[in-house]
Amino acid sequence: MTNTDIEPEAVYNPSTAASLALYKSAHSASIKDISSYWSELAKSKLHWFAPFPTAVTGSFQEGSVSWFAGGKLNVCYNAVDRYCLPPFNRGNEVAIIWEGDEPDAIKRISYHELQLSVCRIANALKASGVQKGDVVTLYMPMVPELAMTMLACARIGAVHSVIFAGFSADAIADRIDDAKSKWVVTASVGSRGGRNLPLKTICDAAIKKERCVGVVQKVFVFDGNGPNGSEWDKEDIHVRFSDLVHAQWPVCSCEWMDAEDPLFILYTSGSTGRPKGLVHTSGGYSLYAMHTTANSFGLSQQTGPSSPNDPHKDVYACVADAGWITGHSYIVYGPLLNGISTFMFESTPMYPDHGRYWDMVQRHKITVFYTAPTAIRSLMRFGDDAPNKYDLSSLKVLGTVGEPINPAAWKWYFDVIGKGKCAVVDTYWQTETGGHVITNLPGVTPMKPGSCTLPCYGIEVVVLDPASGQEIDTTAAEGVLAIKQPWPGMARTCLGDHQRYLNVYMKPYPGYYFAGDGCRRDEDGFIWITGRVDDVLNVSGHRIGTAEVESALVAHPAVAQAAVVGIPHEIKGQGICCFTTLTEGVPESEDLIKELRNQVRTSIGPFATPDMIVLTAALPMTRSGKIMRRILRKVAAGELDTLGDTTTLSDPSVVDILISKVENLR
Ligand code: WTA
């Protein structure tokens with residue numbers, strides 16, 4: 001399907017030639033003078049305790065970019081307090097709609113209530129010794145207390161490091177150790193899909209690992225909705241947090257932060273085994289999250305003082321998990337900084353059945369719905385009956401994020417969910433970019449199914465020739481995606497390893513930010529992401545480094561060598577395929593395969609479970625001893641016609657053995 005198959009007048013607030021021309025001129029103006037563009041926005045959109053003297057300084061090459069340095073603000077004040085005051089006066093309006101694992105578990109929290117809760121948590125953290133600049137690790141279910149604790153950290157100047165609740169004890173321990181985080185916040189038990197998640201027990205296992213002993217001082221445990229699982233207070237480390245919070249004064253002043261002070265760290269996968277802690281700042285990140293939320297979803301009408309019973313009022317729902325960047329920017333910071341209501345969803349799209357999302361749209365009259373292609377594909381499998389049972393007429397904008405969306409899934413989303421009337425925004429971005437960098441804008445720029453379309457305001461996207469590093473200046477181009485000028489939402493460094501930041505993003509193509517993705521730009525200038533060009537997999541929209549999975553495998557005594565590659569997967573986008581050679585004398589067996597699968601689950605988390613494990617006597621190696629991953633990728637995907645030259649291998653017969661092994665496993 002192409003864009004011309006869509007009846008333009010059927011699309012909610014459709015794009016026109018005039019609106020596209022307006023976008024083009026506004027976009028070129030924004031990148032002509034990034035300093036004035038962002039400085040005007042920062043002044044008008046955020047509340048500053050002290051003004052910033054300059055908008056932007058530094059360069060990509062030196063990794064020294066800073067935005068609004070010297071300006072003082074508090075992100076929590078901007079996201080919560082100011083909306084309780086004139087001129088906004090929105091204290092009684094809903095800030096968070098929470099829907100728990102069971103569809104009837106619903107809470108609506110007003111801005112005023114949010115302010116009181118955040119202040120109590122902030123005071124409880126302060127009373128326990130948490131100070132400005134400390135890293136607080138959060139391992140929490142999708143409950144309002146997660147957003148509240150993130151905001152409480154922002155209020156007192158502590159730096160949060162949220163770990164997705166699907167990560168294992170080992171992965172938590174690595175992150176606590178890397179950030180030397182003295183404080184951990186968790187909940188006794190979370191729930192997902194009718195099952196209890198023993199979060200406290202997993203946290204306890206993490207902090208008992210050698211690398212965390214002596215690092216963690218306190219584990220603050222919110223009451224969850226289940227039995228507490230493991231023992232309490234043995235080493236005086238656990239704090240019954242719900243009780244402590246409840247006893248606090250609901251007033252807490254905001255710490256004045258420099259715009260460049262870190263707001264949070266978020267770990268993400270890269271090409272090495274060790275995840276990197278990307279650092280996002282108070283001023284630049286929050287402006288960027290706020291601005292892109294309003295623009296990409298067409299919410300700008302809500303950023304001024306609200307009028308009662310506004311018929312255009314949006315009910316915005318991003319159903320991601322706050323443990324990933326999408327939740328940070330588009331569940332917590334972006335919506336609340338805009339003063340709108342946000343939605344927190346604890347459950348899964350399949351619970352109690354696969355109509356859950358559409359039931360929520362009907363019950364809450366959701367207008368903007370934001371999810372990932374993998375969820376769309378998995379729901380599409382069940383057909384149209386479930387969505388057709390519900391009234392989806394409130395929807396205006398549908399968003400997708402995390403991986404390229406295949407045109408068939410796009411079309412289903414557009415036709416069956418959006419009834420041909422909603423704009424589908426395909427938002428391309430990364431943990432590193434802080435917010436959307438390429439997306440169509442509802443009512444402004446056109447859609448093309450499968451293309452994330454055009455750069456956001458203030459973002460200068462270029463396509464580089466991967467070999468020469470030169471910009472390709474013809475409109476139609478194929479190469480690697482890069483960004484030419486700084487933007488406020490960019491991560492500033494990798495915690496404790498600035499060299500790694502420089503090596504990964506700034507050195508490959510000097511003068512540009514290198515995103516790690518390949519892309520094609522079509523004759524209309526629209527961008528099509530072709531996928532990662534590094535060793536990072538995208539499994540159900542989760543980034544997983546092949547090296548992370550390999551190091552989990554080689555930690556098993558039976559494994560001598562491991563090479564991990566991605567395989568195409570109908571629902572997940574990419575699946576994980578592991579080729580492993582065994583230690584001398586260890587026999588191949590089904591049980592061992594199970595054990596290795598489990599090894600990856602316990603070392604990273606269930607979402608990284610391998611789809612295929614191939615035990616083999618040898619891997620394809622070059623004569624100089626390098627594993628030929630290109631060949632493994634082709635063998636795993638069954639693309640045998642394009643295997644390429646295998647004669648340079650030290651033992652070409654290995655390939656035939658692998659081909660037959662993979663065939664047997666299919
Ligand atoms: C991929 C998620 C195509 C891309 C927000 C990127 C996408 C990586 C899209 C970042 C999209 C994200 N179309 N690919 N709309 N959005 N990606 O850090 O490969 O978890 O580099 O951030 O996801 O993943 P991350």
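Arg363 is a good place to start: with a relative accessible area of 32%, this residue is partly exposed, a term covering the range between buried (under 20% relative accessible area) and exposed (over 50%), computed with a 1.4 Å probe on protein chains only. The structure is a predicted model, in which local features need pLDDT of at least 70 and side-chain atom pairs count only at pLDDT 80 or more, while totals for chains, interfaces and linings use all residues. Residues are numbered from 1 along each chain as its sequence is written, and side-chain values use heavy atoms, with hydrogens and water left out.

The side chain of Arg363 meets that of Glu99 in a salt bridge, at 2.7 Å from N to O; the term stands for a side-chain nitrogen of Lys or Arg within 4 Å of a carboxyl oxygen of Asp or Glu. Glu99, unlike its partly exposed partner, is buried, at 0% relative accessibility. Because Arg363 belongs to helix 11 (residues 356-364) and Glu99 to strand 4 (residues 94-99), the pair ties together parts that are 264 residues apart in sequence. Helices (H or I, at least four residues) and strands (E, at least two) are DSSP runs, numbered from the N terminus.

A search of the whole structure finds 27 salt bridges, and a second example joins Glu403 to Arg377, with the closest N and O atoms 2.9 Å apart. Glu403 sits in the loop between strand 19 (397-401) and helix 14 (407-417), and Arg377 in helix 12 (residues 373-380), so this pair ties together parts that are 26 residues apart in sequence. Glu403 is buried, at 9% relative accessibility, and Arg377 is buried at 9% as well.

Further along the chain, Glu588 forms a salt bridge with Lys661, whose closest N and O atoms are 3.0 Å apart. This pair links distant parts of the chain, 73 residues apart: Glu588 is in the loop between strand 29 (573-582) and helix 17 (590-603), and Lys661 is in helix 19 (residues 653-665). Glu588 is partly exposed, at 44% relative accessibility, and Lys661 is partly exposed at 23%. Elsewhere, salt bridges with shared partners join Glu99, Arg356, Asp359 and Arg363 into one network.

Turning to annotation, an unreviewed UniProt entry places the feature "domain: Acetyl-coenzyme A synthetase N-terminal" at residues 23-79; UniProt positions follow the numbering used here, feature names are shortened, and annotations may be inferred rather than shown by experiment. In the model, this span is 47% helix and 11% strand, and its end C-alpha atoms lie 28 Å apart.
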